[in-house]
Every structure is written in C-alpha cells, then in structure tokens.
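Welcome, and please open your viewer. We will go from stop to stop, selecting a few residues each time and looking at what is there.

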Amino acid sequence: MTTAPRPAAELSADEARRIALRAQGFLGAPDRRGGVRGVLRHLGQVQLDTISVLARSHELIPYARLGAVGRRAVEEAYWTDGHAFEYWSHAACILPIEEWPHFAFRRRAYRDRPHWNHELSDDAYQAVISQLKTEGPQTATELGGAKNKGEWWDWSDSKIAVERALMFGEVVVTERRGWKRVYDLAERAVPDALLHDDLDDTECLRRLVRQAGEALGVGTRADLADYHRIKGEAFDAVVADSGLVPVTVAGWGKPAWADPAALATEPRGRHRTTLLSPFDSLIWERPRTERIFGFTHRLEAYVPKQKRVYGYFAMPVLAGGRLVGRVDPARDGRTLVARQVTLDGPKAVPAVAQALREAAEWVGCDAVAVERVDAPELAPALVKALG
C-alpha cells in the first residue's frame, strides 16, 4: 500500500463531496457546447451495459448531466466521425479516441496472456482480418456467426477470432448496431497520429491515474485504481508522478489524492436533480458511494426477485448534491411506472417527483404511475407532486 506524503490540503467530508460532484459534472452549469462528446471526454469513459429500462446506461450518463438531450443525438455523438471506440476500461466502455495510445499497456498484457481456454487456429484469425480488410466494418454475425449451435456461451471461431483481435488492438469496435458490436481494422479506424503502442506501461498508467483523478476530483487508492481497473501495485508505482496531490479527507480514514485544479476554486453552482444509472461513474463503486453520500446501493438485477430490496434496476435520485431516494422504473406504453420508490423522508418528495417527470418526458412518456412507496404515508404527497 502507498503511504502518502504530507497532504497538500485537509478537506472536510462535505468539501470532498462537492469536489466530486463538480468533477463528475453534477455541480455548476453543464457544458452544453461540448454536449455528449464533452461529457465523454471529461469522464474519460462511459460504461456500457445490456440492461435497458428507461434507456441504456450509456444514454443515461449524458442525460443525467445535460438534461433531455435527444437519444438519437447521443448515439450519433458517440459513434460518428471516429470520435470514440469501445474497449475494456472500468468494464466494457466507450472511450474518447484520443485515449487509444494510453491503453497500449492493456493491449500488450492481452497479447501476453494464454488463449482464455478458447482454441483457435491461425487460419481462423487471419480469415477474420482478411474479411474486415476487404469488406469493411462488420458485426460478428456478418463475419460468420457469433455462436455455434451449442449452448449460448459457445462462441464460433469467427467470434473468438475477432474478440481476440479486439483485445490485441488489431481490431476496434467503432459502434453498436442493434446492440451488436461493429468491428473494423484499427489501421482504418484509428487516426494515424494515435495508432501506436509507443507509450510504455508506466506512461500509460500515469496518464490514466491522472485522468481518473480529474474525473473523480478526489479519491482514495481504491477509487482511483478502480476507475480504469488498474492494479493497486501499478497505481502505487505511478501516483507520485501523476500530477495528483495527496490530501486528507475527514472521516475517510485512508490516504487520498486530488486533482490540483479541483482544489484551486471552491465548487459552486446549481445542483442537478436527476435519476442516476447504477453504472454511472459517480456511484458505480459502492464503498466510495457510501463514504461520500452515506448511501448504500447495490444493483439487484442479478439478485433473485424474492430477495430484492429496492427493485430490478433501482436508480438513485440525486438532488441538492445528495442521494435522496431510489426509483425502480419500468415502461408500460406511454406511461413511466415507478414500481418501487424509496424516499429519504418527506423532504425528498419534490425532488423525486421532478426527477420522474423529467425522465418520463425524455423517454417519450406522458404519464407517471406509482405502484409502491416504501413509506406508504408519503405516497399521496408523491402522487400529488407528480401532478
């Protein structure tokens, strides 16, 4: 574990919370000129996930920060003009194309790994590369089929080959089409100035640690390393030269580091009121969310229904810089259904109602229905506030 040098600043828990909110784009005026691409560049990544209730998570991320940006505009912002690519970061993520060189350390690590229990002939690998070269960007289905005729996890040779080429960096995912990955050759999809693995591991890791600090504002070793899923020992080796400065945060009990720019001015401005995807980088790490907001949250989509406490895709509600409740949403035609609502007392009612109304309008619903409220005595007030 890293022992931090003398801290550059001593922060209260409230100061750290406000720094984190501003760094993540939830405090202050949103950068509407930068739009979705600005959000992506600032966060450094946007996580992808298959679950779609209100919308997919990569749509919810810019919505939470910018408001009701058109959903088609979100997709176009990510996937046109060679602006972004998909790769493994915190998980499967959309990344700004400028970050391509900084993942050379991960591409090299994949090349040095064994073949993940998938045997593959050289001919199958080269066949996929040749097909992409001659026919242009394609999905796994177009390359010959994503799966064999066995169980659902039984990938075809072409799928194994193209995924291996993706990990190695010879192939790039340039968009999602009907939620299918679209693959292209890196030599065609990545600008020449960026198409290299020239940076050594130390330089790659140093940049990604710095970027994590800029996106989080302030964080512990675990927070910052987790952002791009960097090993703790690798973080320890580069943090001193990353440009981040050591700080202490009251109540955290662990060494922390901050972006110097985040310490330069006091966070001020308007707070966002919004529903948050569980895969939003503001809250995706449970220990950090508990430490900053005093709020315990767990995605229950993969928990057996009878054991769920808050619902299948419970979305925390952010208001006034606090997490004030949860909503488990669903769609029924043009009605947004709040299957389960959890409120942090009566004061949370107006904010939760606002978040629900705005989300409903964004996804094209013209009504909101509430099925269950954890505190039944607050249900009438919530229904009234929804209008």
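Begin by selecting Pro-316 and Arg-326: Arg-326, in strand S12, is the bridge partner of Pro-316. Strands here are DSSP runs of type E with at least two residues, helices are runs of type H or I with at least four, and both are numbered from the N terminus. Before going on, note that this is a predicted model, in which local features need pLDDT of at least 70 and side-chain atom pairs count only at pLDDT 80 or more, while totals for chains, interfaces and linings use all residues. Residues are numbered from 1 along each chain as its sequence is written, and side-chain values use heavy atoms, leaving out hydrogens and water.

**Stop 1: strand S11 and its partners**

Now show residues 315–319, which make up S11, together with residues 322–332, which make up S12. These strands pair in the antiparallel sense over 5 bridges; two strands count as paired if DSSP finds at least two bridges between them. Their hairpin has 2 residues between the strands, and Gly-320 takes a positive phi near 60° there.

Next, add strand S10, residues 274–275, which runs antiparallel to S11 and is joined to it by 2 bridges. Thr-274 stands opposite Leu-318.

Is S11 buried or exposed? 5 of its 5 residues are buried, so S11 is largely enclosed by the rest of the structure. Buried means under 20% relative accessible area, exposed means over 50%, and partly exposed is in between (1.4 Å probe, protein chains only). Colour the two faces separately: Met-315, Val-317 and Ala-319 lie on one side, Pro-316 and Leu-318 on the other, and all are buried.

**Stop 2: Thr-274**

Centre the view on Thr-274, which is buried with a relative accessible area of 1%. Which residues does Thr-274 touch? Leaving aside residues up to four places away in sequence, its contacts (heavy atoms within 4.5 Å) include Phe-26, Tyr-63, Ala-64 and Ala-355.

**Stop 3: aromatic rings**

Follow that contact to Tyr-63, then select Trp-362 as well: their rings are stacked, 4.2 Å centre to centre with 10° between the planes. Rings of Phe, Tyr and Trp (its six-membered ring) pair if their centres lie within 6.5 Å; planes under 30 degrees apart count as stacked, over 60 as edge-to-face and the rest as tilted. Tyr-63 is in helix H3 (residues 57–66) and Trp-362 in helix H14 (residues 349–362), so this pair ties together parts that are 299 residues apart in sequence. Tyr-63 is buried at 3% relative accessible area, and Trp-362 is buried at 10%.

For another arrangement, select Tyr-87 and Tyr-110, whose ring centres are 6.3 Å apart with planes at 80°, so the pair is edge-to-face. Add Phe-103 and Phe-105 to see the cluster that ring pairs form with Tyr-87 and Tyr-110.

**Stop 4: charges over rings**

Return to Trp-362 and add Arg-71, whose charged end sits over the ring, 5.8 Å from its centre. The rule asks for NZ of Lys or CZ of Arg within 6 Å of the ring centre and within 35 degrees of the ring normal. Then find Arg-56 over the face of Trp-179, at 4.2 Å from the ring centre.

**Last stop: the nonpolar core**

Finally, select Tyr-78, Leu-132, Val-171 and Tyr-183, which touch the most other members of the largest nonpolar core, a set of 68 residues. Such a core consists of buried Ala, Val, Leu, Ile, Met, Phe, Trp, Tyr and Cys residues joined through side-chain atoms within 4.5 Å. Apart from this core lies another of 36 residues, among them Phe-279, Val-324, Cys-365 and Leu-386.
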